[in-house]
Amino acid sequence: MTIEPQFNPERVTAIDDAIDAAIAARKLPGAVYHLERGVAHYQRAYGKLDYEESAVAVTQDTVFDVASLSKVLVTAPAVLMLAEEGKVDLEAPLTRYFPECDGSGKEAITIRHLLTHVSGLKSGLPAKPAWQGQTAALGLACAQTVTHPPGSFFRYSDINYILLGLLVERTADMPLDRFAQERIFAPLGMRHTGYRPLERMSAAAIAPTQRGASEPAQLPTAHGDLAPGAPLQGVVHDPTVRRMGGVAGSAGVFSTVGDVARFGRMLLGNGALDGVRILKPESVRLLTTVQSPPGIAALRGMGMDIDSPFAKRPRGDLYPVGSYGHTGFTGCILWVDPQSQSFYVFLSNRVYPDDGSVVLPLYTQLGTLSAQVVRGALQ
């Protein structure tokens, strides 16, 4: 646990109490939290890897499946990097890069539409009939029919970011996980971050996210591929990304609270950290300020959430509209406020053992309490 003098200890204790209460209520087995403004920071681990009495305690170095944080830690910045290099045109149609996706209204989809979730594509790829691999995923994505004219309707869609991840691979001429490692994680010193973590570390270092049902399910489930009682520990929780081999633009990244904090610090550094530039300031602007088409009420950057229905809880009651961030299905948050030059990170495995726990009220508490701590430091 680390407390800097600039943060009011009583207000920081309120954050601890909120997370501890959620663990006591079995909303999540364990978590890590980080709050930062300038040199002032607070970081702590809570709970255990699972609910067993003998379970190992979570530490500040525990690795978590960060789910859809992958979209803003890797995919969106990667597309913007390639745009800086002239390899991707953000206003170009999807079919320039994927001619196989032509038809069924998709010829009007642009890269901007995909980044801001206004493509008109459905939320996710179908699981049936059974399929495996990136080629199959691309075929399914290209087979989709748009439900609304592109640019006219907001729907958060994993298909958008699956296509964007494949776009990175096609235009950078390398696998997405290699691009992420060489162009983002290694330069930023995010030493514990990456796809398919079991290739680099023991499962014991990673928080589990799911356990296979001990009894046959009465109805099909998203995790029917898991053996009875078998835990997911170091294998991506998202079943679509599992079918894609663990690497996708929509999910698949595993990370630690300290590494995600380095990414947040880079954003507040306008694209640079410790003398290393990852993104140009203009790319940071596109990533983090409103880029949604006119008439769309849900405000998104080219990656970050600003004021969509998904933003209201992690933003809390005090951070202003204009702060930005993202969440992950497994129970993760990165939220950044450029006005106060602060951010907070929350990583958990609230999906263990059966992804039935709801922690959205905790998100609101964390957003509000984090802003209160920062305001106290500014007063």
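## Pockets and aromatic contacts

The charged end of arginine 26 sits over the ring of tyrosine 51, at 4.1 Å from the ring centre. Keep in mind as you look around that this is a predicted model. Arginine 350 does a similar thing with phenylalanine 329: its charged end is placed over that ring, 4.5 Å from the centre.

Arginine 350 and phenylalanine 329 also turn up in the largest pocket, which has a volume of about 870 Å³. Its lining takes in 43 residues, and the ones closest to the pocket centre are Ser68, Tyr156, Gly328, Phe329 and Arg350. Which elements give two or more residues to this lining? They are α6 (158-172), α8 (239-243), α11 (312-315), β13 (324-328) and α12 (360-378). The largest share comes from β13, with 4 residues.

There is a second largest pocket too, holding about 290 Å³ of space. Here 13 residues do the lining, with Ala127, Lys128, Ala222, Asp225 and Arg243 nearest the centre. Here's how the two linings break down by residue type:

| Lining | Nonpolar | Polar | Charged |
|---|---|---|---|
| Largest pocket | 19 residues | 14 residues | 10 residues |
| Second largest pocket | 6 residues | 3 residues | 4 residues |

Now for the rings. A pair of aromatic rings is described by the distance of the centres and the angle of the planes. The model has 5 aromatic pairs. One of them joins tyrosine 33 and tyrosine 42, a tilted pair at 6.4 Å centre to centre with 55° between the planes. Are these two tyrosines buried or exposed? Both tyrosine 33 and tyrosine 42 are buried. They also belong to one aromatic cluster, together with Tyr319 and Tyr344.

Another pair brings us back to a residue from the largest pocket. Tyrosine 156 and phenylalanine 310 have ring centres 5.4 Å apart and planes at 50°, so this pair counts as tilted. Where do the two partners lie in the chain? Tyrosine 156 is in the loop between α5 (134-142) and α6, while phenylalanine 310 is in the loop between β12 (305-307) and α11, so the pair ties together parts that are 154 residues apart in sequence. As for its surroundings, phenylalanine 310 counts as partly exposed because its relative accessibility is 44%, which falls between the 20% cut-off for buried and the 50% cut-off for exposed.

Key: Residues numbered from 1 in each chain as written. Predicted model: local features only at pLDDT ≥ 70, side-chain atom pairs only at ≥ 80, totals over all residues. Heavy atoms only, no water. 1 Å grid on protein atoms, 1.4 Å probe; cavity = no way out; pocket = protein on both sides within 12 Å on 5 of 7 lines; lining within 4 Å. Points joined across faces, edges and corners; volume = space filled by probe spheres on them. Nonpolar A, V, L, I, M, F, W, Y, C, P; charged D, E, K, R; others polar. Phe/Tyr/Trp six-rings, centres within 6.5 Å; stacked < 30°, edge-to-face > 60°. Buried < 20%, exposed > 50% of the residue type's maximum accessible area, 1.4 Å probe, protein only. Lys NZ or Arg CZ within 6 Å of the ring centre and 35° of its normal.
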